[in-house]
Amino acid sequence: MVSTSRRRGALTAALVSVALTLTACSGAAGSADPTDVDPAGDVVPREISWLLSRPADGGVITAMQQIADEYAEDHPGFSLNLITTPDRPSYIQKYETLAAANKLPELFDTDATPFAQKLADQGRMVDVGALLDDLGLTGTYREAALNYQRFPDGALHMVPFEYSSEYFWYNTELFTQAGIAVPATLDDFPAMCQALRAEGVTPIALDGQDQWPLERYWSYYPFRQAGPDYVRAVATGDATFSDPAGQAAAQWLYDLGRAGCFQDGFSSTGYADAQALFTSGKAAVYNIGTWELANLATDALDEGVRDAVDFFTLPTTDGAVTDGNEFVTTSGIGMAVNATTYDPLVRDFLAFALERYPEVYAASGALSPTTTVATTVPDDATPLYTKAVEQAESVGSEIAVPWDTQLDPATNTRLQQELTLLVQGDITPEEFTTTMDASLAENLGD
């Protein structure tokens, strides 16, 4: 068995190696003024690097690699070095280690987390809002796509490359078999689950292994009851988990667990297996975004369930402060621009790439973060594909911000752990909120 110290040593050595590699290819330093979005000087082609947390064969990387190749045709000597770490926990560790050592490359992925806010406050991230204004592109982006990338103070330091709406996909035949309708409110979920369980059907397929899907469920009740500002207030210590919105959410998750809403052993079920439960007709509901349209709304879906799949959006609650067309609409992890290495080449490439990107990305069947192009619906799409795209075009201005992008890492990790225990019935809602308030107080400001 490899000792913990040896594993840490190997990881540190690997990260130092990556840092040195990035330093070697980062070129001359820029002005480090985050508001100087149009620096003077010649465009001198070189290799620039992008530290990513995206699937290597995903639509964003595929599109950007094509665009980088096109740019290189007119700028000999230019290349885009894509450093990909799809595993999010490993990526965050690498990203934060490089940031601490001042070794981040020209471009790097980040959510609008407290850690990223600190980098921006230190002047280490280019003001993307100013950059998009200067390029004349701000008005081309969806409001929801830009808002997802903003810090709580409204500042924009990340470029969105995706746009997704998250829906509850459901099997209409299994609902009919159980004699139930689409839940009108979140409070209807426990009864829905009990009716499906009575028919021998798993009510909801959940990827519990990755933990963020269950954290999505945690976000729903507070979003309806208190709006998106509640999570931001919790993250800064201006609100607590034991506030009414948090108590209601804890009770709702506890009730979902008691009603058997998720599959047995959900905490050890991975992404692919959870999806397979739904696409095979063994589970009635699956909460996921439009990034899965190719698997849920094309001929790739098992023909045994293909005609029975539909979706509904996030139900409301009594006294909700957000509208029915407001729910989770994300633009994915954003791309930040290193202010220290920002120079005429980086600006020129971004000007070319951000102008070209929407057309290339939308051609793949994905929803663009801009309103300038129409999504290319694939030839093998079912009618549900177009319905999902159209629904995404009519979302409201308030979005259910994922909690893992707002909380400090330690509190977020504890939240994910406690949510599993809460749903399993191992702790009560009161014990959950007490534990989380203690964790928040301990980690606030870290």
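**Exercise 1. State how much area is buried between domain 1 and domain 2, and which residues of domain 1 lose the most of it.**

Solution. The area buried between domain 1 and domain 2 is about 1300 Å², with 59% of it given by carbon and sulfur atoms; buried area here is the accessible area (1.4 Å probe) that two parts lose on being put together, summed over both. On the side of domain 1, Tyr148, Tyr163 and Leu367 lose the most area to domain 2, and together they make up 39% of what that side buries.

The model is predicted, so local features need pLDDT of at least 70 and side-chain atom pairs count only at pLDDT 80 or more, while totals for chains, interfaces and linings use all residues. Residues are numbered from 1 along each chain as its sequence is written, and side-chain values use heavy atoms, with hydrogens and water left out.

**Exercise 2. Locate the two domains and describe their contact.**

Solution. Begin with the bounds, which come from an automatic or database domain assignment: domain 1 covers 47-163 + 331-375, and domain 2 covers 165-329 + 386-443. Next, count the residues in contact (heavy atoms within 4.5 Å): domain 1 gives 15 residues and domain 2 gives 17 residues. Finally, taken over C-alpha atoms, the centres of the two domains are 28 Å apart.

**Exercise 3. Find which side chains form the salt bridge between the domains, and then examine the pair of glutamate 162 and arginine 54.**

Solution. A salt bridge is a side-chain nitrogen of Lys or Arg within 4 Å of a carboxyl oxygen of Asp or Glu. The structure holds 16 salt bridges, and the count between domain 1 and domain 2 is one. Arginine 142 and glutamate 393 meet through their side chains in a salt bridge at 2.8 Å, N to O. For the second pair, glutamate 162 meets arginine 54 at 3.1 Å, N to O. Because glutamate 162 lies in the loop between helix 6 and strand 4 (164-171), and arginine 54 in the loop between strand 1 (47-52) and helix 2 (59-74), this pair ties together parts that are 108 residues apart in sequence. Helices (H or I, at least four residues) and strands (E, at least two) are DSSP runs, numbered from the N terminus.
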